[in-house]
Amino acid sequence: MTRAAAVASGCIEASPATAIAVRDLAVRFDGDAGSVTALDGVGFEVPEAGFVTMLGPSGCGKSTLLRAVADLVPISAGSINVFGRTPEQARRARDFAFVFQDATLLPWRSVIDNVRLPLEVGRRGGAVEQHAEPEELLALVGLEGRADALPHELSGGMRQRVSIARALVCRPRVLLMDEPFGALDEINRDKLNEELLRIWQETGTTIMFVTHSVPEAAFLGQKCLVLSAQPGRVREYVDISFTSPRALGMRDTLEFVQVTAHLRSLLELPR
Ligand SMILES: Nc1ncnc2c1ncn2[C@@H]1O[C@H](COP(=O)(O)OP(=O)(O)O)[C@@H](O)[C@H]1O
Ligand SMILES: [Mg+2]
């Protein structure tokens, strides 16, 4: 049973541990044209098995924040803690997986072989000890029966499902998603939003999810980190809870509209 399922069934207490703790974080990039402060004084926590969305204007440091958590850019000040470890230790323990806007599948490999890829390029060519069964992951993302298809035979939404399955194959504790559905049409995005919530509940993975879509941020997140630009700072860390279950129809409710209106006001978007 996953932690999320155990909490849902009342088997364990619902006060989760902290998965990610960011304190007073600054990231500066030094180049020939001078230094850019991408993030400054950023602090927040993500609970274990939590789902946090991130909103902010282009260039405010959302991707940089995900990369700093995953130890892909050096930090200039402050600290990041991932399940009690440094980002470097967490990266070496393969705690992270990324999903980007572009599915970046290998075009000559079948769906199932794309999902298996991280197992083949695992720890210095050795076997990855903890992994999920690629076939089961295809079922989880709704692609059973498509194992032998090639990427060009799939729609954009299906390709993103493959990239989610591939991200989950090493059983990451943290899934970092950078505008993963930004290139999809609205119908596919809606479908994947609902399915991602189901996948999150079934796997108990901690998720940080960057988006430009206010409704998507409100629909998916238990919390939404709203950043302001230049340098990126936390505008507000918004708690999002709904009395109605998270199904797409909920977006027409008054409470949902109130949340999106608040997020828009923080982003200074017209309401
Ligand atoms: N590797 C880098 N070198 C120099 N500047 C960078 C680098 N990565 C990001 N930046 C700068 O940091 C700021 C934040 O970028 P980014 O995190 O990509 O923003 P967002 O994802 O919110 O659009 C931008 O000003 C960007 O130009
Ligand atoms: Mg970005």
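Tutor: Let's start with a definition: a disulfide is a pair of cysteine sulfur atoms within 2.5 Å. Keep in mind that the model here is predicted.

Student: How many disulfides does that rule give in this structure?

Tutor: The general idea goes like this: a disulfide is a covalent bond between the sulfur atoms of two cysteines. In this structure the count is 0 disulfides.

Student: Why is there no bond for the sulfur of Cys 60?

Tutor: Look for the closest cysteine sulfur, which belongs to Cys 224: it is 11 Å from the sulfur of Cys 60, and that is too far for a bond. Start from Cys 224 instead and you land on Cys 60 as the closest partner, again at 11 Å.

Student: Are those two cysteines buried or exposed?

Tutor: Cys 60 has a relative accessible area of 0%, so it is buried. Cys 224 is buried as well, with a value of 0%.

Student: OK, salt bridges next. What's the idea, and how many are there?

Tutor: Side chains of opposite charge can pair when their charged atoms come close. In this model, the count comes to 15 salt bridges. Take Arg 233 and Asp 40, whose side chains meet with an N to O distance of 2.7 Å. That pair links distant parts of the chain: Arg 233 sits in strand β9 and Asp 40 in strand β2, 193 residues apart.

Student: How accessible are Arg 233 and Asp 40?

Tutor: Arg 233 has 40% relative accessibility, so it counts as partly exposed. Asp 40 is partly exposed too, at 24%.

Student: Which salt bridge has both residues in helix α3?

Tutor: Try Glu 88 and Arg 92, which lie 4 residues apart in that helix, about one turn. Their side chains meet at 3.0 Å, N to O. Glu 88 counts as partly exposed at 37% relative accessibility, while Arg 92 reaches 52% and counts as exposed.

Student: And what does the salt bridge between Lys 223 and Asp 239 tie together?

Tutor: Here the closest N and O atoms are 3.4 Å apart. Lys 223 belongs to strand β8 and Asp 239 to strand β9, so the bridge ties together parts that are 16 residues apart in sequence. There's also a network: Arg 161, Glu 195, Arg 198 and Glu 202 are joined by salt bridges that share partners.

Student: Now the ligand. Which residues are around ligand 1?

Tutor: When you read a binding site, begin with the shell of residues. Among those around ligand 1 are Phe 29, Val 36, Ala 38, Pro 57 and Ser 58, and also Gly 61, Ser 63 and Thr 64. Sorted by class, the shell has 5 nonpolar, 5 polar and 1 charged residues.

Student: Which element gives the most to that shell?

Tutor: That's α2, with 3 residues. Both β2 and α2 supply at least two residues each.

Student: Where do polar atoms of the protein come up to oxygen atoms of ligand 1?

Tutor: Check backbone and side chain separately. A backbone N or O atom of Gly 59 lies 2.7 Å from a ligand oxygen, and a polar backbone atom of Cys 60 is 3.2 Å from one. From a side chain, an N or O atom of Lys 62 is 2.8 Å from an oxygen of the ligand. As for cover, ligand 1 on its own has 560 Å² of accessible area, and the protein covers 58% of it.

Definitions and conventions: Residues are numbered from 1 along each chain as its sequence is written. Chains are lettered from A and ligands numbered from 1 in the order in which they are written. This is a predicted model: local features need pLDDT of at least 70, side-chain atom pairs count only at pLDDT 80 or more; totals for chains, interfaces and linings use all residues. Side-chain values use heavy atoms; hydrogens and water are left out. A residue is near a molecule or strand if one of its heavy atoms lies within 4 Å of it. A polar contact is a pair of N or O atoms within 3.5 Å; within protein, one must be able to donate a hydrogen and the other to accept it, and residues adjacent in sequence count only if both atoms are side-chain atoms. Accessible areas come from the Shrake-Rupley method with a 1.4 Å probe; for residues, only the protein chains shown count as cover. Ala, Val, Leu, Ile, Met, Phe, Trp, Tyr, Cys and Pro count as nonpolar, Asp, Glu, Lys and Arg as charged, and the others, Gly among them, as polar. A salt bridge is a side-chain nitrogen of Lys or Arg within 4 Å of a carboxyl oxygen of Asp or Glu. Buried means under 20% relative accessible area, exposed over 50%, partly exposed in between (1.4 Å probe, protein chains only).
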